[in-house]
Amino acid sequence: MERMSLSEKIGQMTQIDRSRATTDVMSNYCIGNQPKPGDRTPHNFSSRKWIMTINKLQEAALATRLGIPMLYAIDAVHGHNYAYRSTIFPHNVGLGATRDPQLVKRIGAATALEARATGVRYVFSPTIAVCRDPRWGRCYESYSEDPALVKLMTETMIAGLEGDIPPNYSIKGVPFVETGQTKVAACAKHFVGDGGTSGGVDRGNAEMPWKELATVHLPPYSTAILKGVASVMLSYSSWNGQKMHANRRLVTGLLKTRLKFRGFVISDFDGIDKIKDANYSYSVEAGISAGIDMVMTPYEFRKFIRTLTYQVEKGIIPMTRIDDAVARILRVKFTMGLFENPYADVEMGSQLGSEEHRELAREAVRKSLVLLKNDDTGRRGPSLPLPKYGAKILVAGTHANNLGYQCGGWTMQWQGQSGNNITQGI
């Protein structure tokens, strides 16, 4: 930290899109982090191609003055869902229905292996929203409407992704990522109350008293912090009219101070831009002051860097806030062994879509299926158990023979897509 210039510190706070990450950009702006948005999915990338691409970007990061390694991130909502040929697992709503936390842990471990098979070291997962209104279009990303079940699944998913936190890991809130080749840094999202917006409106307003927020939507985050989660992503939504990306009371006061979270807080995709339309300078000041450490600004990163630099130089944003953000980011990078082992290993490629992981997905499908009705109302009796011989079953509807629809959202693209050749599967 003492050796870093202001531009190097702000570079660590900046996460840009891979399509903007030229060698010159990495060098001139000291960029420390990159996300892989779903709308720019390299559909035909093999695991080797992924690794070669990420290693080349890492090489550019390590060639900067201080040689701070880059952290490459990707959404992994139900498996490594942007990688062609990866194993796609049931969504969280299905995993919650299994009531099997150890199964969820194994899925987390498999997802980590498949991410590492493509060189990815940081995943935006798990989503730990508590969906309270089925009109919310992203309910499938929530394990349950029951915060106790969401807590249980959060605990084991993070352990699967990051590894089991050692019993002697005594400092509460310090991130933990097992070093080696098999684990990734995790991200609990979206803080907080995104599953409780009024009317189920996505990115809407969670109108509720503090007691409801604290007892229903907050408990999974307390669990995530205790389990050593590396980062927390903020929600686009608001709480009683205040944007979460600008809520200092909840981000700094609650998450960082009261809950003692020592990892880093990351914005959602262009989330800082949406704090106040047509007033970008205010949005940057409000977001950074609230406690955002890493800003996902995929395309307009030069504007962000220029604005934040000006605000620090003019004393609008204190250097202590910048130092806090950078320390948190570097803490995670050191914890996960990124400095000692920055490059991806091509030997991990066999883990992508392995038969072992496919069988795990089949097990998850079997356990997540929910029978809605089995009444004995017809001449043939109840639907289950199925007869061993002679029965014909009609599977009908637009989703019946459509791999893309069966996989749902966050499959190759963030909203999913129709079709049977989007990835390999049955």
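The exercises below, each with a worked solution, concern the predicted model shown above.

Residues are numbered from 1 along each chain as its sequence is written. Because the model is predicted, local features need pLDDT of at least 70 and side-chain atom pairs count only at pLDDT 80 or more, while totals for chains, interfaces and linings use all residues; side-chain values use heavy atoms, with hydrogens and water left out.

**Exercise 1. Classify the ring pair Y29 and F301, and place both residues in the chain.**

Step 1. Rings of Phe, Tyr and Trp (its six-membered ring) pair if their centres lie within 6.5 Å; planes under 30 degrees apart are stacked, over 60 edge-to-face, and the rest tilted. Eleven aromatic pairs are counted by this rule.

Step 2. For Y29 and F301 the centres are 5.6 Å apart and the planes make 90 degrees, an edge-to-face pair.

Step 3. Helices (H or I, at least four residues) and strands (E, at least two) are DSSP runs numbered from the N terminus. Y29 belongs to helix α2 (residues 23-29) and F301 to helix α11 (residues 301-313), so the pair links parts of the chain 272 residues apart.

Step 4. Buried means under 20% relative accessible area, exposed over 50%, and partly exposed in between (1.4 Å probe, protein chains only). Y29, at 25%, is partly exposed, whereas F301, at 1%, is buried.

**Exercise 2. Treat F191 and Y221 in the same way.**

Step 1. The ring centres are 5.1 Å apart and the planes stand at 90 degrees, so this pair is edge-to-face.

Step 2. F191 lies in strand β5 (residues 187-191) and Y221 in helix α8 (residues 219-226); the pair therefore ties together parts 30 residues apart in sequence.

Step 3. Both F191 and Y221 are buried.

**Exercise 3. Find which charged residues lie over the faces of W410 and W210.**

Step 1. A charge sits over a ring if NZ of Lys or CZ of Arg is within 6 Å of the ring centre and within 35 degrees of the ring normal.

Step 2. Over W410 lies K189, 5.3 Å from the ring centre. W410 is also linked by ring pairs with Y82 and W414 in a cluster.

Step 3. Over W210 lies R249, 5.6 Å from the ring centre.

**Exercise 4. Check the length of helix α13 (residues 355-368) and describe its buried residues.**

Step 1. The expected span is 1.5 Å times one less than the number of residues. With 14 residues, α13 should span 20 Å, and its end C-alpha atoms are 20 Å apart, so the two agree.

Step 2. The buried residues of α13 are H357, R358, L360, A361, E363, A364 and S368.

Step 3. Contact means heavy atoms within 4.5 Å. The buried residues of α13 pack against α4 (92-98) and α5 (101-116).

**Exercise 5. Describe the surroundings of G263.**

Step 1. G263 is in the loop between α9 (248-258) and β10 (264-266).

Step 2. Its relative accessible area is 0%, so G263 is buried.

Step 3. Leaving aside neighbours within four places in sequence, G263 contacts G173, P175, A230, D293, R328 and V332.

Step 4. C187 is 76 residues from G263 in sequence, with 9.7 Å between their C-alpha atoms.
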